[in-house]
Amino acid sequence: PILAPRFNIAPTQPVGVVRMDPQAGQRAWALTIWGLIPSWSKDPSMGARMINARSESVPEKPAFRAAFKRRRCLVPASGFYEWKQVTKGKEPYYFSPAHSLPGGADLFGFAGLWETWTGPDGGQLESCTILTVEANDLMSSIHNRMPLILAPEDWATWLGSGRDESPQTLAAL
């Protein structure tokens with residue numbers, strides 16, 4: 001889809017994801033809210049605190065466990081900000097892909113999880129979270145965590161083609 005560029009996406013705002021459509025057996029685009037709202041949550045406000053999930057613990061954490069097994073997604077992004085603590089507050093740093101994808105797109109594919117929450121009135125909200133890992137050498141002077149960036153050759157594995165649901169598979173991506 002053609003989306004209007006946005007300077008900075010904040011938690012609880014809409015964000016596009018790519019996920020497997022179980023009926024069609026192929027990848028599909030969806031618009032979700034950034035901040036995973038677990039299906040068992042009493043209200044959607046919990047999502048604002050669940051924008052990121054530590055990849056090391058998602059298989060065990062109740063908020064992420066089911067989504068890790070069955071509802072994985074890619075969160076495409078042309079870049080992301082990380083904020084460094086400085087004397088006068090926080091300073092933003094922008095990171096973008098060093099190389100274009102096949103076809104010329106300059107995008108990251110972040111590992112994500114998605115969930116559907118049903119409210120008391122029966123209305124549904126789809127939401128997502130971005131998995132994080134320990135910062136690499138480039139990021140470590142700015143922040144101790146960063147998004148889990150998947151290489152294009154790992155997208156099918158992450159989304160579920162021949163999925164191995166073990167934490168070791170996640171660590172290998």
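**Close-up 1. Phe7, in the segment ahead of strand E1.** Let's start with Phe7 in this predicted model. Phe7 sits in the segment before strand E1, which covers 14–21. Is Phe7 buried or exposed? Phe7 is exposed, because its relative accessible area is 68% and anything over 50% earns that label. Now find Gly79 as well: 72 residues separate Phe7 and Gly79 along the chain, yet their C-alpha atoms are 9.8 Å apart.

**Close-up 2. Glu126 and Arg19, a salt bridge between two strands.** Here comes a charged pair. Side chains of opposite charge can pair when their charged atoms come close. The count for this model comes to 3 salt bridges, and in this one the side chains of Glu126 and Arg19 meet, with 2.9 Å from N to O. Glu126 belongs to strand E8 (residues 124–134) and Arg19 to strand E1, so the pair ties together parts that are 107 residues apart in sequence. How exposed is Glu126? Glu126 is partly exposed, with a relative accessible area of 26%. Arg19, on the other hand, is buried, at 13%.

**Close-up 3. Arg145 and Glu56, a salt bridge from strand to loop.** Look next at Arg145, which makes a salt bridge with Glu56; their closest N and O atoms are 2.9 Å apart. Which parts of the chain does this pair link? Arg145 is in strand E9 (residues 145–147), while Glu56 is in the loop between strand E3 (52–54) and helix H1 (65–70). These are distant parts of the chain, 89 residues apart. Arg145 counts as buried because its relative accessibility is 9%, which is under the 20% cut-off. Glu56 has a relative accessibility of 43%, so this residue counts as partly exposed.

**Close-up 4. Glu115 and Arg71, a salt bridge with both residues buried.** For the last view, pick out Glu115 and Arg71. They form a salt bridge too, and the closest N and O atoms are 3.1 Å apart. Where do the two residues lie? Glu115 is part of strand E7 (residues 108–118), and Arg71 is in the loop between H1 and strand E4 (72–77), so the bridge ties together parts that are 44 residues apart in sequence. Glu115 is buried, with a relative accessible area of 6%. Arg71 is buried as well, and its relative accessible area is 17%.

Key. Residues numbered from 1 in each chain as written. Predicted model: local features only at pLDDT ≥ 70, side-chain atom pairs only at ≥ 80, totals over all residues. Heavy atoms only, no water. Helix = DSSP H or I, 4+ residues; strand = E, 2+ residues; numbered from the N terminus. Buried < 20%, exposed > 50% of the residue type's maximum accessible area, 1.4 Å probe, protein only. Salt bridge = Lys/Arg side-chain N within 4 Å of Asp/Glu carboxyl O.
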